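Please open the structure in your viewer and keep the sequence panel beside it. We will go from selection to selection, with a short note at each stop.

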Amino acid sequence: MKIEGIAALVTGAASGMGEATARILAERGAKVSLLDVDDDKIRKIAEECGGLAIQCDVTDADSMVNAVSVAGESHGVARILVNCAGIAPAKRIVGRDGAMPLEDFKRVIDVNLIGTFNAMRLMATAVRNEPALDEFGERGVIVNVASVSAFEGQIGQAAYSSSKGAIVALTIQAARELASAGIRVMTIAPGMIATPLLLGMPDEVQQSLASQVPFPKRLGDPKEFARLVEHILENQLLNGEVIRLDGAIRMQPR
Ligand SMILES: NC(=O)c1ccc[n+]([C@@H]2O[C@H](COP(=O)([O-])OP(=O)(O)OC[C@H]3O[C@@H](n4cnc5c(N)ncnc54)[C@H](O)[C@@H]3O)[C@@H](O)[C@H]2O)c1
């Protein structure tokens, strides 16, 4: 799919990989809607990159219906969806205070998995009756974000790994189901990326994480994630697959 002039939705666009993706898509001439719970930040970033800021909680059905509708009114139906909204709190299944509260587990599933599905179902519904963009019938591309924790969950990542593993499982399923509508579904599983989440950790923790990466021995740049999104959008043969973006790291138990 060409990017220029195409309407795109990026969730979690107020920070990290979502922000980098929104900026790069805007630079490439896409009409970008930035969706995030953090209203102040998306307004600022949208102003800087010429996008449209829409406050949205991905876990909420009405909030997402509103966001897709507001974006559509300004930019036309979105052909691109990049699902970057996510949270990563750590908690053990059985911690010092006993069993992990069920609400903690549910919250991570709600944001990471249900939030991804919420955006996916509404974007696909809107785009399926739009005209195809080429002779092969392509109508849209969805890029979801998992994590290497989907494959090697560390201690304390029960909820996070479960949510990301489900996004991996959803990839081929959704690609098959949405193929008849000409919508491709891809997932990126990042390793250690230098976003505010990781940059908030002490220097020695960052260095230790970076040293576990075989090559290159550094944290990833959110722009490297955004460049992979760009490639996925433009390479039509990529569909129903999960790509690790991780410098060959295989996470240790802790
Ligand atoms: N940084 C890493 O090393 C890393 C590695 C693997 C996977 N990931 C995944 O990549 C994605 C992006 O992570 P990041 O590092 O850029 O994080 P980040 O914290 O920098 O950005 C996440 C954004 O999601 C938004 N968000 C959270 N809950 C939301 C909700 N309910 N509705 C709408 N927006 C919401 C936040 O406000 C924030 O702007 C996440 O799914 C994360 O799990 C990150």
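This tour begins with the whole chain, moves to the ligand and two helices, and then visits some individual residues. Please keep in mind that the model is predicted.

**Stop 1: the whole chain**

Show the chain as a cartoon and colour it by secondary structure. You should find eight helices and nine strands. The radius of gyration is 18 Å, close to the 18 Å that the globule rule gives for 254 residues, so the chain is as compact as a globular protein of that length. If you turn the view along the principal axes, the C-alpha atoms fill a box of roughly 55 × 40 × 35 Å.

Next, colour by burial: 42% of the 254 residues count as buried. Among contacts with a separation of 6 or more, 71% are between residues 24 or more positions apart.

**Stop 2: the ligand**

Select the ligand and bring up its surroundings. Which residues are the closest to the ligand? They are G12, S15, G16, G86 and T195, within a shell of 31 residues. Now highlight α1 (16–27), α4 (102–127) and α6 (196–199), each of which supplies at least two residues of that shell. Colouring the shell by residue type gives 17 nonpolar, 11 polar and three charged residues.

**Stop 3: helix α4**

Stay with α4 and select residues 102–127. At 1.5 Å a residue, the 26 residues of α4 should span 38 Å, and the end C-alpha atoms are 36 Å apart, which agrees. Where does α4 bend? Centre the view on D110, where the bend is about 40°.

Now show side chains for the buried residues of α4, which are V108, V111, N112, L113, G115, T116, N118, A119, M120, M123, A126 and V127. As you look along the spacing of these positions, recall that an α-helix has 3.6 residues a turn, so residues three or four places apart point the same way. To see what these buried residues pack against, add β1 (7–11), α3 (61–75), β4 (80–83), β7 (140–145), α5 (158–178) and β8 (183–190).

**Stop 4: helix α5**

One of the packing partners of α4 is α5 (158–178), so named in the selection above and our next stop. The helix has 21 residues and reaches 30 Å from its first C-alpha to its last, close to the 30 Å expected at 1.5 Å a residue. Centre on L170 to find a kink of about 30° in α5.

Then select the buried residues of α5: A159, Y160, S161, S163, K164, I167, T171, A174 and L178. These pack against α4, β7, β8 and β9.

**Stop 5: two backbone features**

Select F215 and P216 and show the backbone atoms. A cis peptide bond joins this pair, with omega about -5°. P216 sits in the loop between α7 (203–211) and α8 (222–234).

Move on to A248, in the segment after β9 (242–245). Phi of A248 is near 70°, a positive value in a residue other than glycine. Both stops are worth a look because most residues other than glycine have a negative phi, and most peptide bonds are trans. Is A248 buried or exposed? A248 is exposed, with 10 other C-beta atoms within 10 Å.

**Stop 6: exposed residues and their partners across the chain**

Select G5, in the segment before β1. With 12 C-beta neighbours inside 10 Å, G5 counts as exposed. Draw a distance from G5 to V32: the two C-alpha atoms are separated by 9.5 Å, and the residues are 27 apart along the chain.

Next comes G95, which lies in strand β5 (residues 94–95). G95 is exposed, with 12 other C-beta atoms within 10 Å. How many residues separate G95 and G156 along the chain? They are 61 residues apart, with 9.0 Å between their C-alpha atoms.

Finish at S180, in the loop between α5 and β8. S180 is exposed, with 9 other C-beta atoms within 10 Å. Add E138 to the selection: S180 and E138 are 42 residues apart in sequence and 9.6 Å apart in space, C-alpha to C-alpha.

Key. Residues are numbered from 1 along each chain as its sequence is written. This is a predicted model: local features need pLDDT of at least 70, side-chain atom pairs count only at pLDDT 80 or more; totals for chains, interfaces and linings use all residues. Helices (H or I, at least four residues) and strands (E, at least two) are DSSP runs, numbered from the N terminus. The radius of gyration is taken over C-alpha atoms; the globule rule is 2.2 Å times the number of residues to the power 0.38. A residue is buried if 20 or more other C-beta atoms lie within 10 Å of its own, exposed if 12 or fewer, and partly exposed in between; C-beta atoms are placed from the backbone. Two residues are in contact if their C-beta atoms, placed from the backbone, lie within 7 Å. A residue is near a molecule or strand if its C-beta atom, placed from the backbone, lies within 6 Å of it. Ala, Val, Leu, Ile, Met, Phe, Trp, Tyr, Cys and Pro count as nonpolar, Asp, Glu, Lys and Arg as charged, and the others, Gly among them, as polar. The expected span of a helix is 1.5 Å times one less than its number of residues. The bend at a residue is the angle between axes fitted to the seven residues ending there and the seven starting there.
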